[in-house]
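Work through the exercises below with the sequence and the coordinates open. Try each task before reading its solution.

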Amino acid sequence: MVNRLESVRGMEDILPGESEKWQWLEEQARIFFEVKGFSEIRTPLVEPTELFARSIGEATDIVNKEMYTFEDRGGRSLTLRPEMTASVARAVLQHNLLRDAGKSLWLYYIGPMFRAERPQAGRKRQFHQIGAELVNCGAGDSDFKSVGLLYEFLRFLGITGLKLRVNDLSQINGAQSPRILQALGDHFKRYESKLSADSANRLKKNVLRIFDSKDPQDQEAIEAAPWEKIAPLSDDFMAVTKRLEEKKIPFEINRRLVRGLDYYTGMVYEIVADGLGAQDALAGGGRYDRLYEELGGKSFPCTGFSVGMERLLIVLGLLDNFWARQLRQKSVYFAITEAHDGMNSRREEAALRLRRLGFRILPGSVETSLTKHLKKANQEMARFVAILGSRELKDGQWSVKDMLRHTQSCVPFSELADYLQGLV
Ligand code: HAM
C-alpha cells in the first residue's frame, strides 16, 4: 500500500469552517489599517539569508536555530522569512519608496512566516502575522502612536483585558551602549559556570540575547542583572509611559523584555493575553532606528509591531459566542428548491452583489425539502435564508427568513441586497 502523505509538522492546513474565521480577521485588519492611513505591502516568502542574519542578528535564536535556510539551484543561500520587518525595509530601500526624506510611510502586511520552533498550542512552524510599520516616523510621539495603534486594533477586534509590557532599549543601543554591554557582560561572567551552553555562547556574541533565554539554568543570573543601575529609563520613554497613563492603557515596565531581535533601538513592547498558556505573547514590536542603515540605506527612524494570527484566533475563540455572533451577522444561505437554470442564475446574481457588500455566502445545494435547507442554514450559522422555489420565481421575489429575529418577508429580486444591507 502507498503511504499517505501528511503536512509538515507545525505547518497546518486551514480547512473550511476555519478559513471563514481567517477571512473575517484579514478583512477586519484591512479595514482598520486602511482607515488609519496604512497601505498594504506584500513581499516574497523567500529572501536572501543575509537579510535576516544582518537585521535580526547572528546571535539570536531565530537566526541561529529557527530559520528554514536552503541553497537554491544557483548555490545562493535563501531563507523562508521568519518575520517581515526586515523584508519591508529591504523592499522600501530597493524601490526607493522614501525618495522624499521628509515623508513617512505607513505600511501593513498580512501573511505567513516560518520559524523552526517546537510546535505546541499557539506556536507553529508556519504561522501568520498581521503587522504594521511606521517607516521614517521621526521620534516624538511615534512610539506612543504605534503602541496605541496596536492596542486600538485589538480593541477594535473585540479583545479586552490586555496586558502591555514595555521596556526601553535606547540606552543599550545609544551612546552609552559599550559601557552598558560591558557592565552586563561583567555581571554574566560572574555566573558563567552556571549558565546554559547557549547563554555562555551568547555571552561571547551578544550579551543582551541572554535575556531571551527560557532555560531555568539562566534565570538566576537574569534575575540578578543590574539593568536598573546601569541603564536607567530615558526621558523619552518616561514621556511615553505618561501618555499611556493618560490614555488609561494599563502597562507594566519589564526591564528584562529584550524581544529576541537585534534591531530594536528604543522602546519595545509586548501584549499578552489570558488564555494563551505558555505562549502568551499575542503581539510585539518596538522602535528600530538603525535597521535601514544596517541594510545599506540612509538612517530612517521607525517603529512597528506584529500580531500573531493563530494566537489572535485562540483569544477570539475564548470570547463568549464570538464566532457565532461575527459570522452569523452578515451571512446569507441560499435555499433553492428546484434544479432550474433560471433559479441558479438568480442565485448567482444575488450572491455576487451580496458578496461584494461583504456578506458571507452559503450557496446551499439544490434540495426540495425546505426543512432540510433550514436545518443546514442553522448548522452553517446563517443569519438570513433566501428561498427560491417555483412560486418565488413566478412572482419575481425572494422569500427571506431572518433566523435571528424569526421573521419572514418577500423581497423583489432586484432589492435583495439593499434589503439585507438595511438589516445588518
Ligand atoms: P515577534 O515578537 O517575533 O516580532 O512576533 C510577533 C508575534 O508573532 C508574536 O507576538 C506571536 O504572536 C507571533 N509569533 C511569533 N512566533 C510564532 C510562532 N512560532 N507561532 C505562532 N505565532 C508566533 C516580530 O516578528 C517583529 N517583526 C515585530 C515588529 C514589527 N517589530 C517591529 N516591527
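Helices (H or I, at least four residues) and strands (E, at least two) are DSSP runs, numbered from the N terminus. The model is a predicted one.

**Exercise 1. Place Ile210 and classify its exposure.**

Step 1: locate the residue. Ile210 sits in the loop that joins α7 (197–205) to α8 (216–223).

Step 2: apply the cut-off. Buried means under 20% relative accessible area. Ile210 has a relative accessible area of 0%, so it counts as buried.

Step 3: list its contacts. Setting aside residues up to four places away in sequence, Ile210 touches Phe188, Leu195, Ser199, Arg202, Leu203 and Ile222.

Step 4: take one distance. From C-alpha to C-alpha, Ile210 and Arg73 are 37 Å apart in space, and they are 137 residues apart in sequence.

**Exercise 2. Describe the protein chain as a whole.**

Step 1: count the elements. The protein chain holds 17 helices and 16 strands.

Step 2: split the chain. The domain assignment gives domain 1 as 19–171 + 232–318 and domain 2 as 330–421. Between the C-alpha centres of domain 1 and domain 2 there are 42 Å.

Step 3: get the extent. Along its principal axes, the C-alpha trace spans about 85 × 65 × 45 Å.

Step 4: check burial and surface. Of the 424 residues, 50% are buried. The exposed area of the chain is about 20,900 Å², and carbon and sulfur atoms supply 49% of it.

Step 5: check contact range. Take the contacts with a separation of 6 or more: residues 24 or more positions apart account for 69% of them.

Step 6: tally charge. There are 61 positive and 58 negative side chains. The centres of these two sets lie 2 Å apart.

**Exercise 3. Find the nonpolar cores and examine Trp227.**

Step 1: recall the background. Nonpolar side chains in soluble globular proteins tend to be buried together.

Step 2: take the largest core. It has 51 residues. Val88, Leu184, Phe188, Phe211, Trp227 and Tyr292 touch the most other members.

Step 3: find the main contributor. Helix α4 (residues 85–94) gives the most to this core, namely 5 residues.

Step 4: look for another core. Apart from the largest one lies a core of 46 residues, including Trp22, Leu154, Val166 and Leu276.

Step 5: return to Trp227. Not counting residues up to four places away in sequence, it touches Asn167, Asp168, Leu169, Ile172, Leu208, Phe211, Pro232, Arg255 and Val258.

**Exercise 4. Is helix α2 enclosed or open, and why?**

Step 1: count. Helix α2 covers residues 49–56, and 6 of its 8 residues are buried, so it is largely enclosed by the rest of the structure.

Step 2: name the buried residues. They are Thr49, Leu51, Phe52, Ala53, Ser55 and Ile56.

Step 3: identify the cover. It includes β2 (46–48), α3 (61–66), β3 (68–71), β4 (77–80), α4 and α11 (291–294).

Step 4: look past the end. Gly57 follows α2 and has a positive phi, near 110°.

**Exercise 5. Classify Gln28 and Asn378.**

Step 1: start with Gln28. It lies in helix α1 (residues 19–35). Its relative accessibility is 16%, so Gln28 counts as buried.

Step 2: list its contacts. Beyond neighbours within four places in sequence, Gln28 is in contact with Phe153, Phe156 and Leu157.

Step 3: turn to Asn378, in helix α15. Because its relative accessibility is 42%, Asn378 counts as partly exposed.

Step 4: list its contacts. Leaving aside neighbours within four places in sequence, Asn378 is in contact with Arg328 and Met403.

Step 5: add a distance. Asn378 and Tyr333 are 45 residues apart in sequence, with 9.1 Å between their C-alpha atoms.

**Exercise 6. Inspect the backbone at Asn321 and Met381.**

Step 1: read phi. For Asn321 it is near 60°, a positive value in a residue other than glycine. For Met381, also a residue other than glycine, phi is positive and near 60°.

Step 2: place them. Asn321 lies in the loop between α12 (309–318) and α13 (322–329). Met381 lies in the loop between α15 (370–379) and β14 (384–388).

Step 3: classify exposure. Asn321 has 51% relative accessibility, so it counts as exposed. Met381 has 24%, so it counts as partly exposed.

Notes
Residues numbered from 1 in each chain as written. Predicted model: local features only at pLDDT ≥ 70, side-chain atom pairs only at ≥ 80, totals over all residues. Heavy atoms only, no water. Domains from an automatic or database assignment. Buried < 20%, exposed > 50% of the residue type's maximum accessible area, 1.4 Å probe, protein only. Contact = heavy atoms within 4.5 Å. Areas by Shrake-Rupley, 256 points an atom, 1.4 Å probe, with all protein chains shown as cover. Lys, Arg positive; Asp, Glu negative; His and termini not counted. Charge placed at Lys NZ, Arg CZ, Asp CG, Glu CD. Core = buried A, V, L, I, M, F, W, Y, C linked by side-chain atoms within 4.5 Å.
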